[in-house]
Amino acid sequence: QVAFDAAGRIQRVDAALARRLGLFWEQHPGFHEARLFMATDSSFVLEISTVRGIVLTQEREMLTAAQADALRADIQRRLGSATEPEVGLNQEGRSRLVAGTSLLGLSFYGWAVPVVADAQDPSVAIGAYMLTAGGSFFLPMLLTQNSPVSWSMASLSMYGATRGITHGLLLERIVRTPNVPREDSRAALAMAMGASIGEGVLGYAIARQGRMTGGTAETIGSGGDYGMLWGYVLADFAGFPDREADRTTAALMLTTSFVSMGGSAVLAKHRAYSRGDAVVMRSSGYVGVLLGTAFADLADPATTRPYSVGLLAGSAAGLLVGDRLVKGREFTPGEGVLIQMGGSAGALMGLGAALIAQPEGAHGSSVYWFGAAIGGALGYTLTYRQLSHKAAARSADGMSWGFDLAPEALLVATGRARTGATGVAPRTAPVFLRLHATF
């Protein structure tokens, strides 16, 4: 894929940008987006997607290098005459980013700032809350005015901003002097707030620098969450002494979280997950957690170690199953959310049925765990089966196969055709058939 402009910022022309530029949308009713690709022989393909009703259609037009240059020059000229400063910037994730920071300002930053500052006067504390909450909207709004904010940038930035709170609290436990009680929570809140802001900025920068897709960003976020869970259950299974438990558990959770994020980034590069695929995988892991916990509870253990094994094995198995379920499919974000909701709704129904069948808990808690786990698995499976055929068709539409047959190569091979002015036979074997895939 090649950009439409000289600066390399416009990788696609969506419907809004097409209307601003006065290009594509009149000639193609239901215009959705346009992308430009360059083949190995230096020819170009203009791919135009249109949506009519619920049907997505892709049209491909072959362009010579001169035609592609003329198209790009025309778009560059139209960009120069556009009055909107944001034309050419991908800001599809800006609203999500600003909304997310605003919610963090209302729910965390707003009250954390006066606590860290030890504001004793109620009026000062309330004023600091209001200033911080309002600034959580205006500051990112102004900083991203002329900057790209793709969905992946917003997603990874918000993941860092939200999980950074937990990472900061874990870091405070690691650096805290052992056996010394804390008189207040200001140090923990300060580290949580600093880690939240720092990881939010870092997530945006990593996604922007690496030209990350939305599916990769979602996969990294899921890996980080499961990594923290695995760190906790590993620490519980190891059974560290009480005087070292807090610090060691925090260090293990922090380490496994970042290691899992790195591993998820590597995995996503080889899988090309969509945003919906990542949600489907994460939901499969939830079902695995329920099943693992149910089997652990069935043994009625005296310690929490069997539960740790069940959580670890169940979540890992669930993610592996989810990876297989999205192979050869491309789920949309909406379909991923529906499958996740299907699993949640099934778990609620299974738990409700267990409560009705055993209202007094005659057979212990295993009935409830298995009710929720089986219900969640059935709900997940039912919703997946309803939507997977659309995802499979969507993935198949993204690849086409073809072949080129060269019968004259047979004549060359048998010496009945001359291959050049000198008539010297080629030293390399002639190609009779070339199979190619476009995706």
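Let me start with a definition: a patch is built from residues with over 30% relative accessible area and no salt bridge, where like charges are joined within 9 Å and nonpolar side chains (Val, Leu, Ile, Met, Phe, Trp, Tyr) within 5 Å. Accessible areas here come from the Shrake-Rupley method with a 1.4 Å probe, and for residues only the protein chains shown count as cover. A salt bridge, for its part, is a side-chain nitrogen of Lys or Arg within 4 Å of a carboxyl oxygen of Asp or Glu.

Before we look around, some housekeeping. This is a predicted model, in which local features need pLDDT of at least 70 and side-chain atom pairs count only at pLDDT 80 or more, while totals for chains, interfaces and linings use all residues. Residues are numbered from 1 along each chain as its sequence is written, and side-chain values use heavy atoms, with hydrogens and water left out.

So, on to the patch. Phe137, Phe138, Met141 and Leu142 make up a nonpolar patch on the surface, and together they have about 390 Å² of accessible area. Phe137 sits in helix H4, residues 122-143. When I say helix, I mean a DSSP run of H or I with at least four residues; strands are runs of E with at least two, and both are numbered from the N terminus. Is Phe137 buried or exposed? Neither, quite: its relative accessibility is 33%, so Phe137 counts as partly exposed. For those labels, buried is under 20% relative accessible area, exposed is over 50%, and partly exposed is in between, with a 1.4 Å probe and protein chains only.

Now the whole chain. The protein chain has 13 helices and six strands. It has 439 residues, of which 39% count as buried. About 24,800 Å² of the protein chain is exposed, and carbon and sulfur atoms supply 63% of that. Taking contacts (heavy atoms within 4.5 Å) between residues at least 6 apart in sequence, 70% join residues at least 24 apart.

Let's go inside. In soluble globular proteins, nonpolar side chains tend to be buried together. I call a set of buried Ala, Val, Leu, Ile, Met, Phe, Trp, Tyr and Cys residues a nonpolar core when they are joined through side-chain atoms within 4.5 Å. The largest such core has 22 residues, and those touching the most other members are Leu104, Phe108, Tyr109, Leu156 and Met212. At least two residues of this core come from each of helix H3 (94-116), helix H5 (151-175), helix H6 (186-209) and helix H7 (214-238). H5 is the biggest contributor to this core, with seven residues. If we set aside neighbours within four places in sequence, Phe108 is in contact with Ile165, Leu189, Ala192 and Met193. There is also a second, separate core of 20 residues, including Leu21, Phe31, Ala34 and Leu71.

Next, charges. How many salt bridges are there? The count comes to eleven. In one of them, Arg60 pairs with Glu47, with the closest N and O atoms 3.2 Å apart. Arg60 is in strand S4 (residues 55-63) and Glu47 in strand S3 (residues 44-52), so to speak two distant parts of the chain, 13 residues apart. Arg60 counts as exposed at 52% relative accessibility, whereas Glu47 is buried at 12%.

Another pair is Glu218 and Arg96, whose side chains meet in a salt bridge of 3.7 Å, N to O. Glu218 belongs to helix H7 and Arg96 to helix H3, so this pair ties together parts 122 residues apart in sequence. Glu218 is buried, with a relative accessible area of 14%, and Arg96 is partly exposed at 29%.

A third example is Asp118 with Arg186, where the closest N and O atoms are 3.8 Å apart. Here the loop between H3 and H4 holds Asp118, while Arg186 is in helix H6, 68 residues apart. Salt bridges that share partners also join Arg12, Glu33, Arg35 and Glu92 into one network.

Finally, helix geometry. The expected span of a helix is 1.5 Å times one less than its number of residues. H7, with 25 residues, reaches 36 Å from its first C-alpha to its last, close to the 36 Å expected. Just after H7, Gly239 takes a positive phi of about 65°. Helix H9 (residues 275-298) has 24 residues that should span 34 Å, and its end C-alpha atoms are 36 Å apart, which agrees. H9 is mostly covered, with 18 of its 24 residues buried.

Just after H9, Asp300 has a positive phi of about 50°. What lies 8.8 Å from Asp300, C-alpha to C-alpha? That is Gly364, 64 residues apart from Asp300 in sequence. Gly364 is in the loop between helix H11 (333-357) and helix H12 (366-397), and Gly364 is partly exposed, with a relative accessible area of 31%. Thanks, everyone!
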